[in-house]
Structures are given as structure tokens and as C-alpha cells.
Amino acid sequence: MDELRHKAASLPESPGVYLFKDAEGRVIYVGKAGSLRRRVASYFSSRNPDHPRLALLRQRMADLDFIVTSNEVEALILECNLIKRFHPPFNIEYRDDKSYPYLAIFVEDEFPRVMFIRGQRRKGVLYYGPFAHAGAVRETIETLRKVFPFRSCRGREPGKDRGGPCLDYHLKRCLGPCTGQVSPEDYRKVINSVREFLEGGHEKIISELEKKMREEAARQEFEMAARTRDKLISVRKIVEKQQAHSMKDGDQDVFSLHHNELDACVTGLFIRGGRLLGKRDFFMSLPLEVSEGSILSSLLEQYYSQATYVPREIIVSHPMEEEDRVLLESWLRERRGGAVRIIHPKRGEKRRLVEKALENARHALELYLYKQASDLDWVGRAISGLKRYLGLPSLPFRIECYDISNLGPEDAVGSMAVFEGGLPLRRDYRRFVIKGVGGQNDTAMIGEVVRRRLEKLAISENAAGPEGGGPGRRDSFHKKPDLIVVDGGRAQLNAARKAAEEAGFAELPIVSLAKRLEEIYKEGSPEPLRLPRDSEALHLLQRIRDEAHAYALEFHR
């Protein structure tokens, strides 16, 4: 550390990117700085000596490297590229690095194309989106073609290779530019109508179609009026699928964050022309104790480094550090070619948009974790990992977790959550009213709950006798756990162990899980065990601990 401290003191006062490496030379953290010397020196100061993330980073860092840049915006771009290249464990990196689907109009073509597109932004192309998924773009294009007869051929020049009009022309879904049936000027009027519609001019298009339909019907051209009616139905179908809100017309992206100790989800809502066009969910594993503002800042860097469009306003659910916000706005201004604001609203319509995105993020993270836990391969790795990391004699098929909830000396309660085969078994959950402990003594309460639970098991096993018959019912208290987990630290572990011995089950494996650092305490180990934060075993322990906590809290309320 002294060597690294001296190296940090010799860094230039220039903007740039710094890289911390471990003893094997792997990059474990990438950061940006307006002044490399001041920023890197802060990691070796006495400030925040107990911060768990900094403490763990200091333990693992063995070397330091840096790259000087011309300015902070260049440093931000380089930081983003290096995170994608090295995947450092102490950086936040979201798990959705796909390019996003857009509807594109190639306006520089003589007869412009309207197409689905991904990838980098191109000159001479107008982009609309991003859409929620590729199917939404294709469906929108197909519906638009029922209203506006633009060509579907993909080449720069209209028509098929072998010549002659395609079937769309005969079905009156294309004006036939390939055979000279329409002039470039008249065809461009159709494209201008498409642009007007996509930019929010729905009412004008609907009004024109209604007028045209009435005129055709008045002239008794009923077949043409029927086709216009079908176009009108298609337009209204698109409009109905877009959720309108009361904001003024404009382009906005809304990003809201929901997270637990290990995982996070950010939901993005994309608003174009005052209408909600779609949403996208981004998932990430979190380093130790990182702020919500830092999570959002990292996501915006990575998302807009590959997005083809930057709106004028970006709304976020949590405030960012002022320095990060100003730097991001400066970078995004360059990408957009115009002003960009990042705002954190506290009330009003924009706050309601944030709340809508937050609700989506919460449901998306719950669904993501549920799907993950339902994956048999994932469950197998989690259970096997627990056996390996904890040194258990067998696979922990049945895991029981205990937690306490209280706000004072009265009404204290306990809970028992049960997982079998890596999945919650809710019919076996149990609740306890604390009876023998006064005051706020979580340690003694854990001991009481574990003792009462195991005394029930002892009665069950004694009733079974040497012949192995057993009682008629086999409820939760009559099943022997393979692993007991208690919420807390070393004191709670000792209380649970003493209770197990008093009940006659000294052989049962017991561990405790401390919430702040996700540290695991087990017998025979003087230091707590820290599993890799992306390990399935740790996620499973966290999930059962959170289930026990929620169940206790619900009962306490």
C-alpha cells in the first residue's frame, strides 16, 4: 500500500482514467477523474476507513495504471470502453448490451425507404424509437404500410432484381416507383405523411382520412371508401397502442432504479413526441454499498455510448452527484448536438412518470429473480456451492432461516422461512410470538425461536421411536433441516448453536448471515466468510433471508 500511495502521489494533475489491478494483473476497477492525482490519492486517505467497498478494494489492489486524456468528457468515454473490455468486478455493468431497434427513414434516397434498423447512427437517416423490441418495430411498419403505400423493397433503388412490379403494387400497397408509376415528388409526399404521423400528427392524418372516406362514399365509390376506412382503422389501432400522457410534446427518457443488496433493475421508459413508445429493463449485479446515483450514472454512460438517439430531457429516479451529472450532460450535449438536461423530479407529472417506471422496475426484478431461482441448473449450482463453501456433510436440500422483528420491548415476533430444493416452500413457513425474552434482545430471541422449533422436532423424533413409525402428520416442525440460517452475526450464531444443543441437535449445521456486508459466520472460523457477490450460493442465502425478514415484518405489523 505504501508503494501504491507513492505512485498515486506522482500522478499528473490531468484528467484521465485510472485502473486498479490485483496481484495477478487483472483489472478490478476503472474510474475517471478530472485530476488523476487528487482522485486516486483519495483512495489512500483516512476518509471512510470502514467503508466496506473501499476496504475490500484496498485489500485486493496490488498495482495502479492510468491513461491521461484531453478532458473529462474524453475520460468518461474511455472509462466506458474500458469497462466493456475488462469487465472489472468493482464496476457496475448492466447485462443488456444489445443494440436497440429503431424505425428508420432513409430520407436521402430518391424514393425513401422505411425500415427496421439496429446499430450505429448513419448519415441521411431519420430514427424513430427506440422501440421495446424488434417485433414492435415490424408491426408498426406493417400497419403503416396499410395506410401509406411506401415501398417495401430494401435496396437503395426501388424494384426487384429481375424487373417488374412486385405483388404489393397489384394489391395497391405500393405506388410502383420501380416502374415509373409515381414521381419522386408525389412519393415523397407519402413519406412526409409517415414522418408527420410518427412525430405526433395523428389527428391531422385521421381527419384527412375521414374526409376522404366521406367524399368517396358521396361519389358512390364504395370500394375506394372501404379501403380508406380500413386505413383509418389501422391508424387508430396504432394510436390506441401508444399510451398518451399529459406532458407537452417532446422527447424524454425516464430511468428508475429498484434494487436489493446484490441485484438491481433499471427500467427505462422512452417517450417520443409526447407519447410513451416502449420500455426496456436493465439488470446488473452490484458491488458492495454503491449509491443509487452511481448506479444510474453508470447505466446512462453505457446506454448512451451505443444508443443512436439522445433526447433533450432525461429523467432519473434518484439524484446523482453534481459533478457526475454536469459531466454526463456535457458529453450527451456533444452526442445530441443540442442541449440535454438530466433531472430528478420530486413532484408533478414528471414524478408520476418516475413512479410508473419504478413500479415496472420492481416487478421486473422480482420476475428476473424468480426465473433465475426456477432454473434447475442455477438451483443446482447454488445448493452445490453452499455445500462446498460451508463445508457441509451433504447437500442442503431443506434450508430453514430465522429472523426477528420488533420495535420495542413488546410485540416482538420471529419467523421461519423454508426452502426445499432451492425454492420457497411457503406452506412450511412458521411464525412465533416471543414469550420468554424481555426488552430488545434479538440474540436471545433468536435462541428462543430456534429452541422452540427444535423441541417440536425432538418430540416428533421421540414419537417415531426406534421402529421409525412416526406421527401421522409431517408438518414443518416435524421435518429435519439440512441447514439452519439465522439473520445476524456471531452473537446470533452462538445463540442458535446453544439452543440446538439444548434441544439435542448439536450436529445440525448452523450459519448466520450479516446483512450489511453479506458476511457468513460459521463455527470453527474466526473470520467471517465472504462469498463472491455473483455466486449462486450467496444469492440463494440472501433470498431465503429476505423471505424470513419479510414474513416476520408482515406478522409484526
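**Exercise 1. Place His87 and describe its backbone and its cover.**

Step 1. Find the place: His87 sits in the loop between H4 and S4. Helices (H or I, at least four residues) and strands (E, at least two) are DSSP runs, numbered from the N terminus.

Step 2. Know the source. This is a predicted model, where local features need pLDDT of at least 70 and side-chain atom pairs count only at pLDDT 80 or more, while totals for chains, interfaces and linings use all residues. Residues are numbered from 1 along each chain as its sequence is written, and side-chain values use heavy atoms, with hydrogens and water left out.

Step 3. Read the backbone angle. Phi of His87 is near 50°, a positive value in a residue other than glycine. Most residues other than glycine have a negative phi.

Step 4. Judge the cover. Buried means under 20% relative accessible area, exposed over 50%, and partly exposed in between (1.4 Å probe, protein chains only). His87 has 48% relative accessibility, so His87 counts as partly exposed.

**Exercise 2. Do the same for Gln220.**

Step 1. Gln220 lies in the loop between helix H8 (202-218) and helix H9 (222-241).

Step 2. Its phi is near 65°, again a positive value in a residue other than glycine.

Step 3. The relative accessible area of Gln220 is 59%, so Gln220 is exposed.

**Exercise 3. Work out the sheet around S4.**

Step 1. Set the order. An open sheet of 3 strands runs S5-S4-S6, with antiparallel pairing. Two strands pair if DSSP finds at least two bridges between them.

Step 2. Find the edges. S5 and S6 are the edge strands, and each pairs on one side only. From one strand to the next, the twist averages 35°.

Step 3. Count the bridges. S4 joins strand S5 (residues 114-117) through 4 bridges. Here Leu103 stands opposite Phe116. S4 also pairs with strand S6 (residues 125-128) over 4 bridges. In S6, Val125 is the bridge partner of Phe106.

Step 4. Check the cover of S4. In strand S4 (residues 102-106), 5 of the 5 residues are buried, so the strand is largely enclosed by the rest of the structure. Tyr102, Ala104 and Phe106 lie on one side, Leu103 and Ile105 on the other.

Step 5. Add the helix. Helix H7 (residues 184-198) lies across S4, S5 and S6, at about 150° to S4. Axes are lines fitted to C-alpha atoms, for helices over the stretch in contact, and angles run from 0 to 180 degrees between N-to-C directions.

**Exercise 4. Describe the sheet that holds S1.**

Step 1. The order is S2-S1-S3, an open sheet of 3 strands with antiparallel pairing.

Step 2. Strand S2 (27-33) and strand S3 (63-68) each have a single partner strand, so one side of each is left without a neighbour in the sheet. Neighbouring strands are turned by 20° against each other on average, direction ignored.

Step 3. Strand S1 (residues 16-21) pairs with S3 over 6 bridges. Tyr18 has Phe66 in S3 as its bridge partner.

**Exercise 5. Classify two helix pairs.**

Step 1. Pick the quantities. Two packed helices are described by the angle between their axes and the distance between the axes. Angles under 35 degrees count as roughly parallel, over 145 as roughly antiparallel, 65 to 115 as roughly perpendicular and the rest as oblique.

Step 2. Take H4 and H11. The axes of helix H4 (residues 72-86) and helix H11 (residues 322-336) come within 9 Å and cross at roughly 90°. H4 and H11 are therefore roughly perpendicular. Contact means heavy atoms within 4.5 Å. Among the residues that make it are Val73 and Leu76 of H4 and Leu327 and Trp331 of H11.

Step 3. Take H13 and H16. The axes of helix H13 (residues 376-390) and helix H16 (residues 536-556) come within 7 Å and cross at roughly 95°. So H13 is roughly perpendicular to H16. The residues that meet include Trp378 and Tyr389 in H13 and His539 and Leu540 in H16.

**Exercise 6. Check the span and cover of H10.**

Step 1. Helix H10 (residues 292-304) has 13 residues and reaches 18 Å from its first C-alpha to its last. The expected span is 1.5 Å times one less than the number of residues. H10 is close to the expected 18 Å.

Step 2. H10 is mostly covered, with 11 of its 13 residues buried. Leu296, Leu299 and Tyr303 are among them.
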